[in-house]
There are 2 protein chains.
Amino acid sequence: MVIVEEQLKSMKQQMIAKGYKSTVQREATMRVLLEHERDHMSAEDVYMRVKERFPEIGLATVYRTLELLTELHLVEKMNFGDGVARFDLRSEGHEHMHHHMICSICGEVEEIQDDWLIELEQRVKREYGFNVSDHRLDFIGTFTSCKHGDCQRHGETA
Amino acid sequence: MVIVEEQLKSMKQQMIAKGYKSTVQREATMRVLLEHERDHMSAEDVYMRVKERFPEIGLATVYRTLELLTELHLVEKMNFGDGVARFDLRSEGHEHMHHHMICSICGEVEEIQDDWLIELEQRVKREYGFNVSDHRLDFIGTFTSCKHGDCQRHGETA
DNA sequence: TTTTAAATTAGAATGATTATAATTTAATAA
DNA sequence: TTATTAAATTATAATCATTCTAATTTAAAA
């Protein structure tokens, strides 16, 4: 487990290496992302959290920073069909997005950290001549625990 | 291969069976969808095509019809991260969405008709207690043919 | 044919995201 | 250290997809 400061340093270096500047606003945004690694925050969510500690930041800056970090593959941009893009840090060594289980009752999103698609990606290459650089796998359904109650899992991972 | 009129009739029946009314606007919209089965059209795309034959239709009606058809599982609503929802008819017997290969160079979307996830869905159930009712699997990458040229595949399936 | 709830229309409203113009700042080099 | 300059930020306006609203029309049931 790498501590926040170290990861932050690494992210800044990658930013500078690609010719982008390191600014306090960007640092504040990255810090928030580091502290909410698996929260699937919307840009607005991130904005509000950053604003707590850096009240003069603008929403557009947060959007631009998230866009930049996505471009650098430091965060992943997700879309669960609710009209807002969501963002999570990409954990180190995970060049691929992880998979999601989306509960159709309570909307809860849970993650599968393993990569289950290595074999299928080879198949795609073989059968379709398509070279996969990333993937997205979401399962929609219900948790057994949801079925029998009032969505006890709701908010569990939030 | 079922002819358009037959499918249309079946769709209308399902609509009525669930207590919804069959209207000329809905029929016109379904007809467009039937004639563009794998085109991944946005609501705006559908609207423009319907308007050609039914100029007095409103955009909101198309939106509502697409929403209704999605609810009835007659169309699938997709999201490729470009800010617009896209819609395709669900082919009969395919209760699951099919998979997509999205070229990161030319943006072309190609489909994989098979269901490669049956085994993984059992695994999700076993390991996470999650009952899958649907899934979404997209591969992002490049077609070998794209890599070497000026995106020859672009528009091939459009 | 009458009734009535549902559907449609046109247009306004909303909400997420992006663009703009003026200002500030980070990084580079003198 | 200071001057320079391109990039970044701010505040706000604009845009675009989608949804809502109120008035009107229509499909289906009686």
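The following exchange concerns a predicted model of protein chains with two DNA strands.

User: What conventions apply here?
Analyst: Residues are numbered from 1 along each chain as its sequence is written, while chains are lettered from A and ligands numbered from 1 in the order in which they are written. In this predicted model, local features need pLDDT of at least 70, side-chain atom pairs count only at pLDDT 80 or more, and totals for chains, interfaces and linings use all residues; side-chain values use heavy atoms, with hydrogens and water left out.

User: What is the average pLDDT of chain A?
Analyst: Chain A averages a pLDDT (the predictor's confidence in each residue, from 0 to 100) of 87, and 89% of the residues score at least 70.

User: Where does pLDDT stay under 50 in chain A?
Analyst: That applies over residues 153-158 of chain A, for which the model has 13 contacts beyond four places in sequence. A contact means heavy atoms within 4.5 Å.

User: Moving to the DNA, which residues are the closest to strand C?
Analyst: They are Y63(A), T23(B), Q25(B), T61(B) and R64(B), out of 20 residues that surround DNA strand C. A residue is near a strand if one of its heavy atoms lies within 4 Å of it.

User: Which elements supply that surface?
Analyst: α4 (59-71) of chain A, α2 (24-35) of chain B and α4 (59-71) of chain B each supply at least two residues. Helices here are DSSP runs (H or I, at least four residues), as are strands (E, at least two), numbered from the N terminus.

User: Which polar contacts reach the phosphate oxygens of strand C?
Analyst: One of them involves T61(B), with a polar side-chain atom 2.6 Å from a phosphate oxygen. Backbone atoms also take part: an N or O atom of S22(A) lies 3.2 Å from a phosphate oxygen of DNA strand C, and a polar backbone atom of G58(B) is 3.1 Å from a phosphate oxygen of that strand. For these pairs, a polar contact is a pair of N or O atoms within 3.5 Å; within protein, one must be able to donate a hydrogen and the other to accept it, and residues adjacent in sequence count only if both atoms are side-chain atoms.

User: And which residues are the closest to strand D?
Analyst: T23(A), Q25(A), T61(A), R64(A) and Y63(B) are the closest among the 18 residues that surround DNA strand D. The largest share of the surface near this strand, three residues, comes from α4(B).

User: Which side chains contact a sugar or linking oxygen of strand D?
Analyst: Among them are K21(A), with an N or O side-chain atom at 3.1 Å, and Q25(A), with a polar side-chain atom at 2.9 Å. T61(A) instead places a side-chain N or O atom 2.6 Å from a phosphate oxygen of DNA strand D.

User: How much of the DNA within 4 Å of the protein is sugar or phosphate?
Analyst: For DNA strand C, 77% of the atoms within 4 Å of the protein belong to sugar or phosphate and the rest to bases. For DNA strand D, the value is 76%, again with the rest in bases.
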